[in-house]
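Trainee: Please take me closely through one part of this model. I would like to see how one chain meets another.

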Amino acid sequence: MRAAFPYLGRGSWLARRDPRVLILAAAIFVVGLIQLRDARHLAIVFVIALAYYRLAGIPWRAVRVQWGYLLIVIFVFSFFNAIISGGRAGGFADAETHVLLRIPPFGAELTAEGISLMVSQMLRFACIAAVSFPVAFTIAPGDLGVALRRLGLGDRIAVMIDLTIRFIPTLASEFVETIDAQRVRGYDPTARRGGPIARLRRAAPIFVPVTVGSIAGAEDTIDAMDLRGFGVGRRTWHRRLRFGTMDWLVVLAFVAFAVLAFVLAFTGRSRHYLLPFLV
Amino acid sequence: MTATTMDQQDSSWSITTRVIVYAAIGAALYAVFNFISFGFVLPGTQEVNVRPHYGLLTFFGFAFGPVVGFLTGFIGNVVGDFLTGWGAFTSWHWSLANGVAGLLAGVLGVMFAGRAASSGSRALWAAVAGIIATVVGFIVIFLGLVVTPEMSFNAILTTEYIPVVIANALAAAVVTPILVLAWEPMKEQLGR
Amino acid sequence: MADPPLVEVDDLTFRYRRATEPALRNVSLRIEPGEVLLVAGPSGCGKSTLIRALNGLIPHAYRGALSGSVRVAGRSTTELRLRELARLVGTVLQDPRKQLVASTIRGELAFGPENLAIPPDEIDATMAAVVAQAGIDHLVQRTTDELSGGESQQVAIAGALMLEPRLVVLDEPLANLDPLAAQRLLGLVRALADSGTAVVIVEHRVEDALQAEPDRVLYLDDGATRYLGSLDGFFGIADPLQVKLPFDIVLARTRAIGWGTEPFRRPDGTVAADGDPPRLEWRDVEAGYDGRQVLRGVSSRLGRREVVAVLGPNGSGKTTLFKAAIGLVPHTAGEVLVDGRSIAGRGVADLATVFGYVFQNPSQMLFAPTVRDELLFGPRNLGRDEGTFDALVATSLQRVGLEDEADVQRRPPMTLSFGQQKRLGLAVALALEPRTLVLDEPSAGQDHRSATAFMTEVERIAGLESVYFVTHDVDLALTYADRILLLRDGSIVADGAPLDVIRDRDRWIACNLRVTSLMDANGEWADRTGRFLGGEELATVIAGLDARQRGVDHHGGEAST
Ligand SMILES: Nc1ncnc2c1ncn2[C@@H]1O[C@H](COP(=O)(O)OP(=O)(O)OP(=O)(O)O)[C@@H](O)[C@H]1O
Ligand SMILES: Nc1ncnc2c1ncn2[C@@H]1O[C@H](COP(=O)(O)OP(=O)(O)OP(=O)(O)O)[C@@H](O)[C@H]1O
Ligand SMILES: [Mg+2]
Ligand SMILES: [Mg+2]
């Protein structure tokens with residue numbers, strides 16, 4: 001088990017961009033995306049998002065598990081919503097909903113409207129995921145903090161985020177080590193016995209040592225930081241970032257998209273779309 | 001006798017080195033536990049997924065204050081989402097909700113600090129704080145109405161808010177006190 | 001009179017806010033540029049406290065009652081701010097994983113200068129110089145979590161050097177480093193001193209620390225200065241039982257005071273014996289972590305009644321070897337047999353009743369509110385009979401010498417001292433009544449006395465058939481084991497009795513191991529002793545022998561007249 005952010009996109013076109021680009025792009029993209037309703041628009045955007053994703057050069061083998069998990073969650077999530085909201089959220093009047101089938105026992109309805117919404121919701125999530133992966137796997141280790149700093153975040157918080165990334169692999173291996181240490185004492189982390197309370201309590205042999213241990217260990221980290229002058233006063237960042245022409249172009253492209261999305265939304269051209277073949 | 005700058009003495013809102021380090025550890029732990037979850041589905045429900053490590057968030061807030069609580073929940077959830085591949089931009093409002101819950105746990109921790117004499121009663125207050133912080137903090141996820149226009153208020157209430165609050169309040173109520181009780185004696189030793 | 005000394009400590013006394021006793025009592029010393037001062041002393045004597053006083057954590061981060069003064073470069077540490085002190089004093093702590101704060105090596109090196117708002121270009125320049133000085137060119141492209149323990153310590157030192165300090169203090173930097181890594185580190189320390197930087201190094205492993213050629217030694221005991229002066233003088237007064245000294249010193253001292261005690265006899269229980277199937281056997285075992293192979297076809301048999309030590313470089317697979325044996329790490333090829341039965345299909349918990357596995361870091365598993373619950377966690381998991389628990393707890397504690405600790409059963413485990421936690425870890429393993437004990441780095445983080453005492457106690461535990469242990473402490477392994485396994489790059493490169501294994505010095509060194517003075521002495525006296533003896537034992541034997549020698553000569557003299 002290795003919990004860490006492998007620099008999968010190393011050397012790719014996006015990896016050569018200023019790390020701020022990847023973060024800005026994703027953020028602007030999301031703002032624009034949530035303006036769109038029409039499943040057809042979302043489908044087109046998804047294609048664009050995928051093209052962008054390909055530029056991150058993330059090898060498929062390395063992330064197929066994440067993608068699988070992601071798609072399943074998206075589906076289940078949107079499916080429940082389709083049943084509950086049954087399309088009402090889509091602004092389709094209840095009167096004209098087309099019921100395709102009723103699901104026992106509660107007689108929940110699966111309507112054409114619901115499914116249409118489900119489709120666009122899934123598309124939307126898939127789009128966001130596609131622009132999110134590069135942020136996770138195509139920003140060089142150690143660049144995240146400085147990138148966020150240059151985007152206006154405070155020095156300390158930027159350092160704190162770098163520190164978080166730094167700690168993850170260490171804590172993950174301590175976590176594994178603790179599981180081993182308890183298994184040797186007959187502890188079974190996969191046991192399914194007992195009620196919810198009992199099962200929650202059974203996390204203690206793992207959670208307590210890892211948590212308390214790392215908090216106790218924090219004393220050394222705090223000393224190590226204080227002793228190198230951290231905390232008081234201004235601070236520089238050694239890693240220099242340059243926002244090149246190409247970086248500007250990428251960001252502008254995303255801004256253009258966002259603007260377009262807003263226009264479509266406000267001129268009412270991107271309403272929820274009822275997939276015709278369902279009716 | 002020397003008077004010295006002591007992190008723990010500063011206001012519960014100031015961002016000292018100690019706060020930075022505790023927050024980073026909290027966030028990293030929250031992300032890692034999120035990644036290797038001990039989660040299980042509450043018997044008799046489909047979607048109430050109990051995540052023991054949620055109690056870690058309320059503990060960090062309760063024990064180390066609102067700033068640590070917020071950063072643990074917010075950054076921890078963002079990073080955790082990235083680790084699992086579920087890009088944080090999909091669920092930023094969830095990360096925010098976690099952050100707010102941690103923050104509230106911290107505020108309540110400061111408020112309750114005076115009341116609790118024995119570590120036993122502190123553990124009890126920690127459970128209370130954890131539950132309140134969860135119920136209130138996760139109201140934030142109704143921002144989902146903006147993120148996913150497909151979802152109705154009812155949908156969010158029934159498929160997200162209620163299940164998650166039940167699951168997390170449960171985790172907070174059980175796990176937070178355990179961690180408080182384990183941490184109290186250590187705290188005495190590390191005292192500076 | 002030249003400019004004042006770099007460091008002046010005058011009559012320093014400090015008591016931590018929560019402590020009742022001072023951690024330092026009236027300590028005074030001077031440190032000149034280019035000098036290496038070795039600080040030694042038993043656990044809890046105040047070494048780290050002195051380090052904190054020198055780098056300013058006391059009084060700036062640790063509150064307490066302080067009297068006397070500490071002046072660095074002529075200015076009192078109470079006047080200076082930590083930020084200013086950072087430029088004067090560089091600090092390296094024991095655990096590298098906790099003091100490295102950046103994900104990349106460049107980030108780590110830049111951290112200090114960044115905090116002092118030094119412009120990037122200047123940082124570049126300093127970094128180039130420091131990287132060369134610390135000899136870590138091969139590391140700069142790596143990420144922090146890829147570094148071995150030794151490499152991390154090198155980077156930590158480099159990080160401290162980035163602020164061009166005039167004094168560098170190191171608090172037990174050698175713990176958990178294999179001897180070669182330790183040697184590199186000490187070489188670096190020496191080079192630093194030669195370039196004019198003053199160095200204060202705290203270390204239990206005095207003999208190893210000698211490689212840094214310390215100019216003076218400060219020996220602390222219970223916070224007070226027991227000795228401050230030259231090495232030779234130190235060897236004159238130091239207690240070989242407290243600190244590990246070079247063998248010739250031990251011998252000289254023994255001759256002087258004429259040791260009376262008999263060499264320690266290992267109880268017959270653990271003397272090698274063959275016959276019945278081996279307790280543990282690896283057959284061409286291969287194992288690793290997510291695809292990365294660590295063990296490359298290991299084959300060996302460990303007897304039922306043996307004390308076996310495994311030595312090897314950091315990352316050679318020592319820990320993995322035993323994790324594979326109890327199923328914590330699944331083997332990808334070959335077979336593991338316990339008492340002649342394959343472990344395939346046997347659970348970890350089941351094997352845990354055969355092997356008591358003691359992890360390197362005890363606090364990694366302590367979670368229960370009380371020591372008693374901690375001890376009973378295992379037995380409860382295995383559904384042992386509740387009726388036996390009181391006796392079980394009592395005996396387990398008694399076997400590890402914790403029974404006298406006041407009200408120990410109700411203490412929260414994590415409030416015990418490190419040494420006590422180490423013993424509790426052992427008791428926890430014993431509570432499952434194993435037949436064989438597996439110890440990972442039993443001596444790590446303990447001073448010489450506690451480490452040897454610990455091993456002696458372990459070997460005397462009744463009902464225990466065998467002990468297998470992993471360590472970086474060469475002498476400890478050679479002294480306490482009947483048999484040594486040398487592991488390198490996941491394969492066993494040597495297997496035999498201590499005296500036989502140490503004959504091939506090249507192979508020894510190729511495993512990142514150091515040739516100690518005790519090894520030389522034992523090699524020399526092998527024909528007389530027949531087995532590898534610990535420092536005190538060997539000294540006693542030799543002293544005894546040449547005493548008898550003199551006696552004989554005397555007799556001869558008389559006879560001739
Ligand atoms: N933060 C603290 N608060 C109270 N007492 C402390 C603190 N740190 C250390 N002590 C006590 O001060 C004494 C000296 O501790 P110190 O860590 O300096 O010893 P040491 O020589 O470094 O021991 P070791 O070799 O185990 O590291 C010990 O009795 C210890 O219990
Ligand atoms: N849980 C893990 N996940 C991934 N890799 C691991 C894990 N544990 C160990 N390794 C790697 O396997 C190799 C062997 O590790 P192991 O701990 O067995 O070596 P070791 O001989 O015990 O080293 P040391 O002397 O430092 O304890 C090392 O390169 C280490 O980085
Ligand atoms: Mg110390
Ligand atoms: Mg090891």
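**Where chain C meets chain A**

Mentor: Start with the charges: between chain C and chain A there are eight salt bridges. Keep in mind that this is a predicted model. One of the pairs to look at is Glu177(A) with Lys323(C), where the closest N and O atoms lie 2.8 Å apart. That pair counts as a salt bridge because its separation falls within the 4 Å limit set for a Lys or Arg side-chain nitrogen and an Asp or Glu carboxyl oxygen. Polar contacts come next. Across this interface, 24 residue pairs are in polar contact, both partners being at pLDDT 80 or more.

Now see which helices of chain C are involved. Six are listed as supplying at least two residues each to the side that touches chain A: α3 (82–88), α4 (96–99), α5 (105–115), α6 (120–134), α13 (348–352) and α14 (371–381). Of these, α5(C) gives the most, with seven residues. The make-up of that side of chain C is 34 nonpolar, 15 polar and twelve charged residues.

Next, the extent. On the chain C side, 61 residues are in contact with 47 residues of chain A. The size of an interface is often given as the accessible area lost when the parts come together. Here the buried area is about 4800 Å², and carbon and sulfur atoms give 58% of it. In chain C, the residues that lose the most area to chain A are Lys98(C), Glu114(C) and Gln364(C). Together they account for 13% of what the chain C side buries.

Set this beside the contact of chain B with chain A. There, 65 residues of chain B touch 71 residues of chain A. The two chains bury about 6100 Å² between them, with 82% on carbon and sulfur atoms. The salt-bridge count is one. Glu219(A) pairs with Arg18(B) in a salt bridge, at 3.0 Å between the closest N and O atoms. Four residue pairs are in polar contact across this interface, again with both at pLDDT 80 or more. The side of chain B that touches chain A holds 47 nonpolar, twelve polar and six charged residues.

So much for chain B; return to chain C for the recap. Its interface with chain A has eight salt bridges and 24 residue pairs in polar contact. Look at α5(C) when you turn the model, as this helix gives seven residues to the side touching chain A.

Key
Residues are numbered from 1 along each chain as its sequence is written. Chains are lettered from A and ligands numbered from 1 in the order in which they are written. This is a predicted model: local features need pLDDT of at least 70, side-chain atom pairs count only at pLDDT 80 or more; totals for chains, interfaces and linings use all residues. Side-chain values use heavy atoms; hydrogens and water are left out. Contact means heavy atoms within 4.5 Å. Buried area is the accessible area (1.4 Å probe) that two parts lose on being put together, summed over both. A polar contact is a pair of N or O atoms within 3.5 Å; within protein, one must be able to donate a hydrogen and the other to accept it, and residues adjacent in sequence count only if both atoms are side-chain atoms. Helices (H or I, at least four residues) and strands (E, at least two) are DSSP runs, numbered from the N terminus. Ala, Val, Leu, Ile, Met, Phe, Trp, Tyr, Cys and Pro count as nonpolar, Asp, Glu, Lys and Arg as charged, and the others, Gly among them, as polar.
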